[in-house]
Amino acid sequence: MSELPSPEDAREQFLKDLAETESAAQNRGGLLPVDISNLQVRWLGKKQGIVTGLLARLKDVPKEEKARFGGSVNSLKREIEARLEALGTEAERRAARQAEEARAVDVTLPARLRPVGRLHPLTVVRRRIEAAFKNLGYEVADGPEIETDWYNFESLNFPQNHPARDAVDTFFVKGGGPGKDRLLLRTHTSPVQMRVMERKRPPIRILSPGRVFRKDDIDPRHSPVFHQVEGLTIDEGITFAHLRGTLAAFARSFFSERAEVRLAPTFFPFVEPGVDVAVSCVFCERKGCRICSGSGWIEIMGAGMVHPRVLEAGGIDPERFTGFAFGMGIDRITMLLYGIPDLRLLFENDVRFLDRVWN
Ligand code: 2NL
């Protein structure tokens, strides 16, 4: 207690303390509430406050000085309270203004650029295929990825013992019924076309792009998830010539004005006859190169005249109507067009791959 100053010295000290606090606060724009509360604790605090200490010493002051000493300390206390009160109000306002300014938007700042996404190469190719067929009058149709055995196999004339029906090739899903009602992940998009046949009378011209599933081990050319586009045309008087003309028109619009198609007989359960479709190599114009393995031709799809039993399963009279269908793998065509060496790049979603410009 003995180190306490006289009320007069205390007043000088307070003014000095205040001046120092103010000058320290200058680079923050002035006194803030925290400075005021620090001063309050230092000078008026109940435990360590200097003025509080002076008041406590009143009892030790000789009788004849008590009145003068007490008066001085009290007036010092009121002066400090008044100063801190006024400065406190100012500090509160200053703090509120600073918070407001911190929230304000600086319209002169450059905009934060959002990274721009791109279309996936499979999307680019699918849309180009769709565009080519839309020009020929086709409409895009959609359907479920979980299908029944009926729509995926039975109605499409796949025999009971066809290898595609084997659990080795197909993902079966729990919860379906027995036989035709068994549930599975579609192995091609043909079921979409079966469903269209059921509800729509010819003429039918549809395209069914989509994700399909086979139980394959993953390697540079295989994936359990891949993509397909199938197409279907049904009307009175549709012949194999329409099939050939349509696929040739597609090849010219999708690959090159000079592209030619070559058909070779093959077997698919849902068509008769069936053909493998090759396009003249767009890279070497049939001279033979690395991409077409020197043959000048690239196999891009399968096709054929819709089997009468498939028309019948779709509720369409095969005596009156005929049709053709085709199917191609989007992934393979995408890899071919862009020189993508590994199918897995299409599914891993590595931004260094996706950020390339695909068009
Ligand atoms: C291929 C072969 C093909 C079909 C798909 C089809 C669909 C119906 C009826 C008849 Cl609803 N056929 N689709 C026909 C022949 C071949 O695809 O290699 N796809 C990647």
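## A backbone contact to the ligand

A backbone N or O atom of Gly327 sits 3.3 Å from a nitrogen atom of the ligand. Taken alone, the ligand exposes 490 Å², and the protein buries 87% of that. Keep in mind that this is a predicted model.

Glu230 also reaches the ligand. One of its polar side-chain atoms lies 2.9 Å from a ligand nitrogen atom.

## The shell around the ligand

How many residues surround the ligand? There are 16. Glu230, Phe270, Gly302, Ala325 and Gly327 come nearest.

What classes of residue make up this shell? Nine are nonpolar, six are polar and one is charged.

Four elements each supply at least two residues of the shell. They are helix H7 (190–199), strand S6 (225–235), strand S9 (297–306) and strand S10 (322–329). S10 gives the largest share, with five residues.

## Helix H1

Now turn to another part of the chain. Helix H1 covers residues 7–24, which makes 18 residues. From its first C-alpha to its last, H1 reaches 25 Å. That is close to the 26 Å expected at 1.5 Å a residue.

Which residues of H1 are buried? They are Pro7, Ala10, Phe14, Asp17, Leu18 and Thr21. These residues lie on the same side of H1, because they cover an arc of only 100° around the axis. On the other side of H1, Glu12 and Lys16 are exposed.

Definitions and conventions. Residues are numbered from 1 along each chain as its sequence is written. This is a predicted model: local features need pLDDT of at least 70, side-chain atom pairs count only at pLDDT 80 or more; totals for chains, interfaces and linings use all residues. Side-chain values use heavy atoms; hydrogens and water are left out. A residue is near a molecule or strand if one of its heavy atoms lies within 4 Å of it. A polar contact is a pair of N or O atoms within 3.5 Å; within protein, one must be able to donate a hydrogen and the other to accept it, and residues adjacent in sequence count only if both atoms are side-chain atoms. Accessible areas come from the Shrake-Rupley method with a 1.4 Å probe; for residues, only the protein chains shown count as cover. Ala, Val, Leu, Ile, Met, Phe, Trp, Tyr, Cys and Pro count as nonpolar, Asp, Glu, Lys and Arg as charged, and the others, Gly among them, as polar. The expected span of a helix is 1.5 Å times one less than its number of residues. Buried means under 20% relative accessible area, exposed over 50%, partly exposed in between (1.4 Å probe, protein chains only). The arc is that of the directions from the helix axis to the C-beta atoms.
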